Amino acid sequence: MSTDPRPPAAEGPAAPLALTVVLAHLDVSDSEDVLRSLAGRLLDAGAVTLDFPEALRTRERTYPTGLPTPIPSAIPHADPQHVLVPGLAVATLVRPVTFGEMGTRDGTVDVRLVAMPLLTDAREHLAALQQLMSLLSDEAAVQNLLAAPDDEELRRRFEERLASILPPTEGPSSGPTDGPAVRPPGGPTDGPAVGPARGDETDAQETGA
């Protein structure tokens, strides 16, 4: 299984979701192994700081990111100070791996697809997560991604899916997304599907974005 780092696009609103690392059929034993594998490849790609792996694990333990989408997925991420190059790391898993469910105290979901946004701007983070949610909520699209036989084909399919999602517009009304709205959790009691962000302070302190 190869690491396939590529720099994000230099212009346009889709740049934060440019694919940095893509791994098809990642064979791991648990969620910690998923995070460790992706973080290691991101370090090799020069996209994150040396303390990114630990920051990622710490944040996932505090604010789990498993989503009960039609095909369960997870969107783990670290605070922007640990990111050097904006982008997105994606992995499909050989077998379901248990992640804590976003917005619950002890809920879990058995995840098949992991999408890790890497952003350096707090204001971009929520928009990127909303774009991801639109994709992850599409069962047929995710099934198509899971069926990709290798890294290159997964990259091609993911880029195609992302290109079909219109970027959110500027301002408070960005239009509806397919599937539930999402805001990175502010704590273990937040519900799994939540509305607009509560302001820049929340984004900076709670979202890791």
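## Helix 4 and helix 5

In this predicted model, helix 4 and helix 5 run roughly antiparallel to each other, because their packing angle is about 160° and angles over 145 degrees are classed that way. Helix 4 covers residues 139-146 and helix 5 covers residues 151-163, and their axes lie 9 Å apart. Helix 4 passes helix 5 in a left-handed crossing.

On the helix 4 side, the contact is formed by Ala141, Asn144 and Leu145. Helix 5 meets them with Leu154, Arg157, Phe158 and Arg161. Sorted by class, this contact of helix 4 with helix 5 holds four nonpolar residues, one polar residue and two charged residues.

The loop between helix 4 and helix 5 contains Asp150. Asp150 is partly exposed, at a relative accessible area of 38%. Its C-alpha lies 7.6 Å from that of Leu23, although Asp150 and Leu23 are 127 residues apart in sequence.

## Helix 1 and helix 2

A second helix pair consists of helix 1 (residues 31-44) and helix 2 (residues 52-62), whose axes come within 9 Å and cross at roughly 150°. With 145 degrees as the cut-off, helix 1 and helix 2 are therefore also placed in the roughly antiparallel class. The crossing of helix 1 and helix 2 is right-handed, whereas helix 4 crosses helix 5 in the left-handed sense.

Helix 1 contributes Glu32, Leu35, Ala39, Leu42 and Leu43 to the contact. From helix 2 come Phe52, Pro53, Leu56, Arg57, Glu60 and Arg61. The contact of helix 1 with helix 2 has seven nonpolar and four charged residues, with no polar residue.

Gly46 sits in the loop that joins helix 1 and helix 2. The relative accessible area of Gly46 is 36%, and the residue counts as partly exposed. Apart from neighbours within four places in sequence, Gly46 is in contact with Leu84 and Val85. Gly46 and Thr20 are separated by 26 residues in sequence and by 9.9 Å between C-alpha atoms.

## Nonpolar cores

The largest nonpolar core has 28 residues, and Leu88, Leu132, Phe158 and Leu162 touch the most other members. At least two residues of this core come from each of strand 1 (19-26), strand 4 (87-100), strand 5 (108-118), helix 3 (122-136), helix 4 and helix 5. Helix 3 supplies the largest share, six residues. Phe158, one of the residues named above for this core, also takes part in the contact between helix 4 and helix 5.

A second core is separate from this one and has 27 residues, including Val21, Ala55, Ala89 and Phe99. Ala55 is found in helix 2. Ala55 has a relative accessible area of 18% and is therefore buried, the limit being under 20%. Not counting residues up to four places away in sequence, Ala55 touches Ala78 and His82. The C-alpha atoms of Ala55 and Gln81 are 10.0 Å apart, with the two positions 26 residues apart in sequence numbering.

## Individual residues in helix 3 and strand 1

Gln131 belongs to helix 3. Gln131 is buried, with a relative accessible area of 8%. Gln131 and Ile165 lie 34 residues apart in sequence and 6.9 Å apart in space, C-alpha to C-alpha.

His25 is a residue of strand 1. The phi angle of His25 is near 60°, which is a positive value in a residue other than glycine. His25 is partly exposed, at 30% relative accessibility.

## The chain as a whole

The secondary structure of the chain comprises six helices and five strands. In sequence order the pattern is β-α-α-β-β-β-β-α-α-α-α.

The chain has 209 residues, of which 51% are buried. Among contacts between residues at least 6 apart in sequence, 68% join residues at least 24 apart. The contacts of Gly46 with Leu84 and Val85 and of Ala55 with Ala78 and His82 illustrate how the segment around helix 2 meets later parts of the sequence.

Conventions. Residues numbered from 1 in each chain as written. Predicted model: local features only at pLDDT ≥ 70, side-chain atom pairs only at ≥ 80, totals over all residues. Heavy atoms only, no water. Axes fitted to C-alpha atoms, helices over the stretch in contact; angles between N-to-C directions. Helix = DSSP H or I, 4+ residues; strand = E, 2+ residues; numbered from the N terminus. Parallel < 35°, antiparallel > 145°, perpendicular 65-115°, else oblique. Left-handed = near helix turned anticlockwise from the far one by under 90°. Contact = heavy atoms within 4.5 Å. Nonpolar A, V, L, I, M, F, W, Y, C, P; charged D, E, K, R; others polar. Core = buried A, V, L, I, M, F, W, Y, C linked by side-chain atoms within 4.5 Å. Buried < 20%, exposed > 50% of the residue type's maximum accessible area, 1.4 Å probe, protein only.
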